[in-house]
Amino acid sequence: MLLGNAQTFSATVGGATDTAVAWSVNGVPGGNSTVGTIAADGLYTAPADLPAPTTVQVRATSHANASKSASAQVSVASDISLSLSPTTASVELGATKAFQATLSSNGHPDPSVRWSLAGTLCPASCGSIDANGNYTAPQILPSSGISVVARSVADNSKQATASVSVTSSFSLTLSTPASIVAGNSASVTATLQPVAGSNPSTTLTWSLSGPGCSGAACGTLTSEGNLLTATGATQASATYIAPVTPPSPNNVVITITPQADPSRKITAAVTILNATGVTVIPASATRATSHRLTLSATVTGSTNSAVTWNVNGVVSGNSTFGQICVAGSAPCQPLTGPSASPVEYLAPGAMPSQNPVVIQAVSQADPSKSGSALITVIAHIVVTIQPGSVTLSPGSVQPFSASVLGTDNQNVIWQVQGAGCSGAGSPCGAIDATGIYTAPATAPTPNTLQIVAISSDDVGQSGSASVTISTAPAILSLLPASVYAGGAAGFTLKVEGSGYRTSSPGASLLIAGTARTTTCSLTTECTAPVTPADVAAAGDLAIQVRNPDGTTSNMVNLVVVAPGGPDDVISLTTGNPAVSGKDIVVVEPTTAGVSLPGASVDLNVAALGVFSTANNSCSLGGSPVHLVRPSSGTAALDVCLFSLSGLDVSMTYTVSGAGDIAVIAKQPAGLGIIHLTLQIPSTAALGARTLFISNTNLDKTAASGALEVQ
């Protein structure tokens, strides 16, 4: 019988007219809750909890003769099953999570369960659980997992478990001064903010360390206790006393470690400053007469940051050596006492007899401590330009920079001047407001000019740089500027620049010092062939232009790059749509020397589709071609590609992936179409594929997602 179920027994008495019987279970009249109960009419009800042993005896004793009885054996069984909800849970430190046990049975067993915790850290460090299944996580992060166990009271062999992961999400911040003077003290504060509903341990441990100290040499740190804030955060404070002598290096690290999760300790570095001192910034400067300079003084080793300023020993200065003014005052308002704020030095209207002047800041807290600055006074602003002299090819770009000595105002007005600069069309080129100079397309006459920078502070002061526009040929750019080594076909190289001779005999393009048959359609553009031997090996290929008069241009290198290894796969997903840290080397297509701006190169794929071998027709479209895997072995599929500039069998065609899809045949189909036969194994990986095409010059293109394995 299942726990709690009922069964009626009947007794038959022979040999007596009194047929009444008395019922008992295991000798107990009427039974009890442990072995089950039986009523006067023989209705036996099994116990709610499994007895031990599980077999009990039901007996009927004759009322007419008590020595006469009969019995029946009853085996009490359990079909109990238990389940827990949830089966896994993440519980924050000190937080409570309710678990629900569900007991299932075809009988009527005792529905109660006993709750317990299991794990290598139990019972000391795994939290607690009450009689209702409410689990409370420990306040200190355990090092291993914990299980919640619900066991049936009715059948102790039946239980269910749930896995608990204790999490640590509190925030910990540390507030310290950035620096402290040696021997002084400062308050430091740590704040532990629990997440809502959690209760981590609030015990915090303070410690000191440093790259140049240990123990007392790092200072002392004394805890001042904890305070609970209105937001539920624990705020711990401590007093730090810096060492009398700064360590070397002079950094001390304050560490606070939370008992709740020591891995989340935080640190703050404090710089230990020397005792009282004064530093003036800037320590040196140059100012033109009647110009101002902002000065600031930093006092270390004292909370009193006020200083008294003097110029060549004169408090606040005078008209001879210059004056110390209240910052921003116009006209100058002389400083009348100590100040902690920045001040301005106003240089005298004439060169002082004692030059440079000495400006001194004396600490009010300790007059024996001071800092100083040397200020050189010059008669007027001086403007200089870098570079001071340069030779440029026509059409090139050169940045210039100007520095203005004697003032904070570094703004200048740029101009281009020269004997050959008059006339329309900017014959000497142009310079913008940032100093970027663009040379003219042809050299002016004379071909030397000046770049002039005029001070915005004093337009009477300026500086200049000399520029010579070269009349020799010059190369500004190569097309292509780079190619892969090992190309099996030649290509056309175009140089762009200035000064190329177009009439016969015209300019020659020198490749690695050897003149090639050159066509110069413009004074700014020449082309010549590059042979496969020129680019057989990786390296730099020297390119120059030589005019018939023997003048040669600057040398520019055509970069020949060694082909890389296997293609790198950059895997992107919806969850991770970006990747960083990828270095991608790209060379220009060899058609760059002949393609018009915006024109397609010879590897563009305009359309693709399925090729019918039955009638030699191509169904071009813009959607991916579906490659259906066979159920076993391999299958072949014919596809066709179309390019505006034509595709041919000399090109290499490959499919991305682990080489599971192979191109086993390629045939021309006319009108720029190529017919490819693909072999697809039954084991081919599903998903989109890219079709790569390479020509004999190792130029490469990719038709991304052109194929899709299904």
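These are my notebook entries on a sheet, the disulfides, two single residues and the salt bridges of a predicted model.

**Ground rules**

I number residues from 1 along each chain as its sequence is written, and since the model is predicted, local features need pLDDT of at least 70, side-chain atom pairs count only at pLDDT 80 or more, and totals for chains, interfaces and linings use all residues. Side-chain values use heavy atoms, with hydrogens and water left out.

**Entry: a sheet**

I looked up an open sheet of 3 strands and got the order β11-β15-β14, with antiparallel pairing. Strands here are DSSP runs of E with at least two residues, and helices are runs of H or I with at least four, numbered from the N terminus. Two strands pair if DSSP finds at least two bridges between them.

Which strands stand at the edges? They are β11 (96-98) and β14 (128-129); each has a single partner strand, so one side of each is left without a neighbour in the sheet. I then checked β14 against β15 (residues 134-136) and found 2 bridges in the antiparallel sense. Ser128 has Thr136 in β15 as its bridge partner.

**Entry: disulfides**

My cut-off is a pair of cysteine sulfur atoms within 2.5 Å. How many disulfides does that give? The count comes to 6. Counting bonded cysteines along the chain, I read the pattern as 1-2, 3-4, 5-6, 7-8, 9-10, 11-12.

I went through three of them, with burial on this scale: buried is under 20% relative accessible area, exposed is over 50%, and partly exposed is in between (1.4 Å probe, protein chains only).

- Cys122 is joined to Cys126 with S to S at 2.2 Å. I get 130° about the S-S bond, a right-handed link. Cys126 is buried at a relative accessible area of 1%.
- Cys325 is joined to Cys332 with S to S at 1.9 Å. The torsion about the S-S bond is about -100°, so this disulfide is left-handed. Cys325 has 0% relative accessibility and counts as buried; Cys332 has 18% and counts as buried too.
- Cys520 is joined to Cys526 with S to S at 1.9 Å. This link is right-handed, with 110° about the S-S bond. Both Cys520 and Cys526 are buried.

**Entry: Asp638**

I found Asp638 in strand β57 (residues 634-642). Asp638 is buried yet has no salt bridge, where a salt bridge needs a side-chain nitrogen of Lys or Arg within 4 Å of a carboxyl oxygen of Asp or Glu. Which side chain of opposite charge is nearest to Asp638? It is Lys666, 14 Å away. For charge, Lys and Arg count as positive and Asp and Glu as negative, while His and the chain ends are not counted.

So what does the side chain of Asp638 make a polar contact with? One polar contact goes to the side chain of Thr677 at 2.7 Å, and another joins the side chains of Asp638 and His675 at 2.7 Å. My rule for a polar contact is a pair of N or O atoms within 3.5 Å; within protein, one must be able to donate a hydrogen and the other to accept it, and residues adjacent in sequence count only if both atoms are side-chain atoms. Leaving aside neighbours within four places in sequence, Asp638 is in contact (heavy atoms within 4.5 Å) with Val610, Phe611, Thr613, His675, Leu676 and Thr677.

**Entry: Thr300**

Thr300 sits in strand β28 (residues 292-300). At 22% relative accessibility I log Thr300 as partly exposed. The C-alpha atoms of Thr300 and Thr276 are separated by 4.9 Å, with their positions 24 residues apart along the chain. Beyond four places in sequence, the contacts of Thr300 include Val181, Leu273 and Thr276.

**Entry: salt bridges**

I count 5 salt bridges and noted three.

- Glu344 and Arg292 meet at 2.6 Å, N to O. Glu344 lies in strand β33 (residues 343-346) and Arg292 in strand β28, so the pair ties together parts 52 residues apart in sequence. Glu344 is buried at 14%, whereas Arg292 is partly exposed at 26%.
- Asp534 and Arg516 meet at 2.7 Å, N to O. Asp534 is in the loop between β51 (525-530) and β52 (539-546) and Arg516 in strand β49 (residues 514-516), 18 residues apart. Asp534 is buried at 17% and Arg516 is buried at 18%.
- Arg689 and Asp660 meet at 2.8 Å, N to O. Both Arg689 and Asp660 are buried.
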